[in-house]
Amino acid sequence: MQEQPEPALAPGLTAQVELTVTDADTAQAVGSGDVPVLGTPRVLALAEAATVAATATGMPSGSTTVGTRIELEHLAPTVVGRTVRAQALLAAVDGRRLSFEVTVSDGDQTVARGRVERILVDRARFVERAGRAS
């Protein structure tokens, strides 16, 4: 029996990305509230950036991933000037479906946590289909 190679995108891949919060990242600036703290849409974007980074090195040629489902709890505020770190863990791979666990922290405090699902797609075909839909 011939051994099958280990899939490039396998559970256990991780990555982290950081953001130092500026006025442009606040709920006031992004339209998600009227307070000068890190807005939930920016928290979400940071969490997604960590999932993209986790798969960047193992991505098959010509492929990319697109987000399909997000579940996020924004637990604590972060003021301008603080640096937050998003950590993504590829928890499961089911065919083309990739399931991540994400956390966003400010030092020792958990700012947000949740799950992100992405689908592996052929980049050119995806862009072509998107162009036909508009």
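Which residues does UniProt list for "domain: Fluoroacetyl-CoA-specific thioesterase-like"? The unreviewed UniProt entry gives residues 21-123 for this domain. Keep in mind as you look around that the structure shown here is a predicted model. In this model, the chain over residues 21-123 is 20% helix and 47% strand, and the C-alpha atoms at its two ends lie 31 Å apart.

**The chain as a whole**

The protein chain has 3 helices and 5 strands, and reading along the sequence gives the pattern β-α-α-β-β-β-β-α. Along its principal axes, the C-alpha trace spans about 60 × 40 × 20 Å. The chain has 134 residues, of which 32% count as buried. If you take the contacts with a separation of 6 or more, residues 24 or more positions apart account for 63% of them.

**How the strands pair**

Here are the strand pairings, each with one pair of facing residues.

| Strand pair | Sense | Bridges | Example of facing residues |
|---|---|---|---|
| Strand 1 and strand 3 | antiparallel | 7 bridges | T14 and L89 |
| Strand 2 and strand 5 | antiparallel | 11 bridges | T64 and V121 |
| Strand 4 and strand 5 | antiparallel | 10 bridges | F100 and V116 |

Strand 5 appears in two of these rows, pairing with strand 2 and with strand 4. Strand 4 and strand 5 also form a hairpin with 2 residues between them. In the turn of that hairpin sits G107, which has a positive phi of about 65 degrees.

Strand 1, residues 14-20, has two faces to look at. A15, V17 and L19 make up its covered face, while T14, Q16, E18 and T20 are on the uncovered one.

**Helix 2 and the nonpolar core**

Does the length of helix 2 agree or disagree with what its residue count predicts? Helix 2 has 16 residues, so at 1.5 Å a residue it should span 22 Å; its end C-alpha atoms are 23 Å apart, which agrees. The buried residues in this helix are V43, L46, A47, A50, T51, A54 and T55. They pack against strand 1, strand 2, strand 3, strand 4 and strand 5.

The largest nonpolar core holds 23 residues, and those touching the most other members are L38, L46, V84, A86, F100, V102 and V104. At least two residues of this core come from each of strand 1, helix 2, strand 3, strand 4 and strand 5. Helix 2 gives the largest share, with 5 residues.

F100 is a good place to zoom in. Besides being among the core residues that touch the most other members, F100 stands opposite V116 in strand 5. Leaving out residues up to four places away in sequence, F100 touches T51, A54 and T55, along with A88, L89, L90, A91, G114, R115, V116 and R118. Of these, T51, A54 and T55 are also buried residues of helix 2.

**Three residues to visit**

R118 lies in strand 5, residues 109-122. Is R118 buried or exposed? Its relative accessible area is 7%, so R118 is buried, the cut-off for that being under 20%. The side chain of R118 makes a polar contact with the side chain of T65, at 2.8 Å. Beyond its neighbours within four places in sequence, R118 is in contact with a set of residues including E48, T51 and V52, T65, V66, G67 and T68, and R96, R97, L98 and F100.

S63 is in strand 2. With a relative accessibility of 13%, S63 counts as buried. Not counting residues up to four places away in sequence, S63 touches L120, V121 and R123.

T57 is a contrasting case. This residue sits in the loop between helix 2 (40-55) and strand 2 (63-74). Why does T57 count as exposed? Its relative accessibility is 79%, and exposed means over 50%. T57 and A8 are 49 residues apart in sequence, yet their C-alpha atoms are 8.6 Å apart in space.

Key:
Residues are numbered from 1 along each chain as its sequence is written. This is a predicted model: local features need pLDDT of at least 70, side-chain atom pairs count only at pLDDT 80 or more; totals for chains, interfaces and linings use all residues. Side-chain values use heavy atoms; hydrogens and water are left out. Helices (H or I, at least four residues) and strands (E, at least two) are DSSP runs, numbered from the N terminus. Buried means under 20% relative accessible area, exposed over 50%, partly exposed in between (1.4 Å probe, protein chains only). A polar contact is a pair of N or O atoms within 3.5 Å; within protein, one must be able to donate a hydrogen and the other to accept it, and residues adjacent in sequence count only if both atoms are side-chain atoms. Contact means heavy atoms within 4.5 Å. Two strands pair if DSSP finds at least two bridges between them. A nonpolar core is a set of buried Ala, Val, Leu, Ile, Met, Phe, Trp, Tyr and Cys residues joined through side-chain atoms within 4.5 Å. The expected span of a helix is 1.5 Å times one less than its number of residues. UniProt positions are given in the numbering used here, feature names are shortened, and annotations may be inferred rather than shown by experiment.
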